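Let's take a walk through this structure together, one stop at a time. Have the sequence and the 3D view ready, and look up each residue as we come to it.

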Amino acid sequence: MGLWRIRATVDDRPGYLSVLTASLALKSVNILAVQVHTTEGGAVDDFLVDAPDAMTGRDLLAAVEKGRGRDPWVAPAEAQALADAPTRALGFAARLVRDPDSLGGALGELLGATEVTWRAELPRTVPPTRFGLARSAMRLEDPAGGVYEIVRNEPAFTPAEYARAQALVEVATAALRAAEEPVTLLLPDGDEITIRRAQTEDLAAVRRMRAARLTAGAARPHGLVAHGLVAVAGERVVGLAGFAREGEIAEVALLVDDAWRGRGIGATLLRRLVAQAGSAGLAALVVHVRARERALLSTLERLGPVVSTEQDADLVTVTLPITPTRATSPA
């Protein structure tokens with residue numbers, strides 16, 4: 001016996017579904033599970049079946065058509081298809097709670113996609129579609145910014161599948177909001193700092209630190225606040241790390257208050273900034289560091305493989321590659 005998936009549209013009239021199931025039963029096809037997707041063209045029935053080894057896809061198509069099933073689609077199924085749809089969806093939701101950046105992969109697996117593409121924005125030439133989906137493509141807003149395009153050649157997407165995908169997006173949205181909550185850290189010397197996203201109200205503190213000392217990078221206060229993190233001790237901003245992006249490359253600036261230098265704040269901010277850069281779809285970060293900042297240079301080396309290091313007098317330029325967590329890839 002072999003596992004197969006069958007989809008077919010059945011007229012929403014009494015007895016029509018029983019005609020289809022009877023046609024399959026006559027061929028010794030055992031229905032293991034069925035899901036019903038309501039559409040404007042009728043009820044789309046999605047079957048997981050166990051068929052005799054001698055049966056081919058063509059044989060199954062003939063049985064479905066004889067049972068009055070319209071627009072039939074048949075494909076071999078894997079053993080994991082035995083898990084019912086609610087169980088699989090709950091598994092993906094649990095994954096997103098732990099790692100909201102895995103949304104693209106979860107959507108691809110949930111929908112059996114051929115390709116999942118993340119875009120910063122859709123081209124203006126792309127027309128909007130009802131339910132955010134077309135026959136073989138679906139578009140969903142990424143809660144971290146941008147849009148996911150999910151493509152599946154066959155079978156056609158249904159509004160029910162769009163609703164399931166949208167529910168996963170909502171789980172990822174909630175998880176991201178929780179991840180963006182301020183985090184309190186204990187420094188080695190016992191002092192506490194809070195790491196949070198930079199806000200417009202932090203501009204004055206950024207300018208103050210910029211005037212006093214620039215640890216690394218070319219400071220652009222407004223750009224840093226738009227894409228930045230701050231370290232706060234009590235009510236005082238004591239450190240900031242942010243980036244100003246140009247396409248897939250971003251220039252990093254790191255500022256730490258003189259009284260709080262040498263306590264690991266810069267390294268902590270940089271590690272979190274690298275994760276943020278991956279979520280933003282960046283390919284690389286460029287950091288300009290003074291040659292005497294040996295501790296900071298060592299931190300950059302520990303963050304990942306360095307593409308290049310160039311030195312011009314007292315200034316060292318480090319290019320750090322980033323693995324985007326949202327990109328174009330086969331599902």
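A residue is called buried when its relative accessible area is under 20%, exposed when that area is over 50%, and partly exposed in between. S28 has a relative accessibility of 47%, so S28 falls in the partly exposed class. Keep this scale in mind, as it will come back at several stops along the way.

Before going further, please note that this is a predicted model. How confident is the predictor in the chain? The average pLDDT is 82, and 87% of the residues score at least 70. Among the elements of the chain, helix α2 has the highest mean pLDDT, 94, while strand β16 (residues 329–330) has the lowest, 44. There are stretches to read with care: over residues 218–223 the pLDDT is below 50, although the model gives this stretch 16 contacts beyond near neighbours in sequence. Residues 327–331 also stay under 50, and for them the model has 16 contacts beyond four places in sequence.

Now for the overall view. The chain has 331 residues, and 45% of them are buried. Its secondary structure comes to nine helices and 16 strands. If you take the contacts between residues at least 6 apart in sequence, 67% of them join residues at least 24 apart.

A good place to zoom in is the pair formed by helix α1 (residues 16–26) and helix α2 (residues 57–66). These two helices pack at an angle of about 145 degrees, and their axes lie 8 Å apart. The crossing of α1 past α2 is right-handed. Which residues make the contact? On the α1 side they are L20, S23 and L24, and on the α2 side A63, V64 and K66. Sorted by character, the residues of this contact divide into four nonpolar, one polar and one charged.

Stay with α2 for a moment and find G57, which belongs to this helix. Leaving aside neighbours within four places in sequence, G57 is in contact with W4 and V74. The C-alpha atoms of G57 and W73 are 9.1 Å apart in space, with their positions 16 residues apart in sequence.

The loops that follow these two helices have something to show as well. Most residues other than glycine have a negative phi. S28, which we met at the start, sits in the loop between α1 and β2 (30–39). The phi of S28 is near 60 degrees, a positive value in a residue that is not glycine. In the loop between α2 and β4 (70–76) you will find R68, another residue other than glycine with a positive phi, here about 70 degrees. R68 has a relative accessible area of 47%, so R68 counts as partly exposed.

Next, move to strand β3 (residues 42–51), where D46 has its place. Is D46 buried or exposed? Its relative accessibility is 7%, and D46 therefore counts as buried. The side chain of D46 makes a polar contact with the side chain of R7, at 2.9 Å. Beyond residues up to four places away in sequence, D46 touches R5, I6, R7, A33, V34, Q35 and H37.

Further along the chain, strand β7 (residues 147–151) holds E149. With a relative accessibility of 13%, E149 is buried because the value is under 20%. Which residue does the side chain of E149 meet in a polar contact? The partner is the side chain of R119, at 2.5 Å.

After β7 comes the loop between β7 and α5 (159–179), and P155 is found there. Most peptide bonds are trans. The bond from E154 to P155 is cis, with omega near -10 degrees.

Our last stop is E192, in strand β9 (residues 192–197). E192 has a relative accessible area of 54%, so E192 is exposed. Setting aside residues up to four places away in sequence, E192 touches T184, L185, L186, V232 and A233. The C-alpha atoms of E192 and A231 are separated by 9.9 Å, with the two residues 39 apart along the chain.

Technical notes: Residues are numbered from 1 along each chain as its sequence is written. This is a predicted model: local features need pLDDT of at least 70, side-chain atom pairs count only at pLDDT 80 or more; totals for chains, interfaces and linings use all residues. Side-chain values use heavy atoms; hydrogens and water are left out. Axes are lines fitted to C-alpha atoms, for helices over the stretch in contact, and angles run from 0 to 180 degrees between N-to-C directions. Helices (H or I, at least four residues) and strands (E, at least two) are DSSP runs, numbered from the N terminus. A crossing is left-handed if the near helix is turned anticlockwise from the far one by less than a right angle, and right-handed if clockwise. Contact means heavy atoms within 4.5 Å. Ala, Val, Leu, Ile, Met, Phe, Trp, Tyr, Cys and Pro count as nonpolar, Asp, Glu, Lys and Arg as charged, and the others, Gly among them, as polar. Buried means under 20% relative accessible area, exposed over 50%, partly exposed in between (1.4 Å probe, protein chains only). A polar contact is a pair of N or O atoms within 3.5 Å; within protein, one must be able to donate a hydrogen and the other to accept it, and residues adjacent in sequence count only if both atoms are side-chain atoms. pLDDT is the predictor's confidence in each residue, from 0 to 100.
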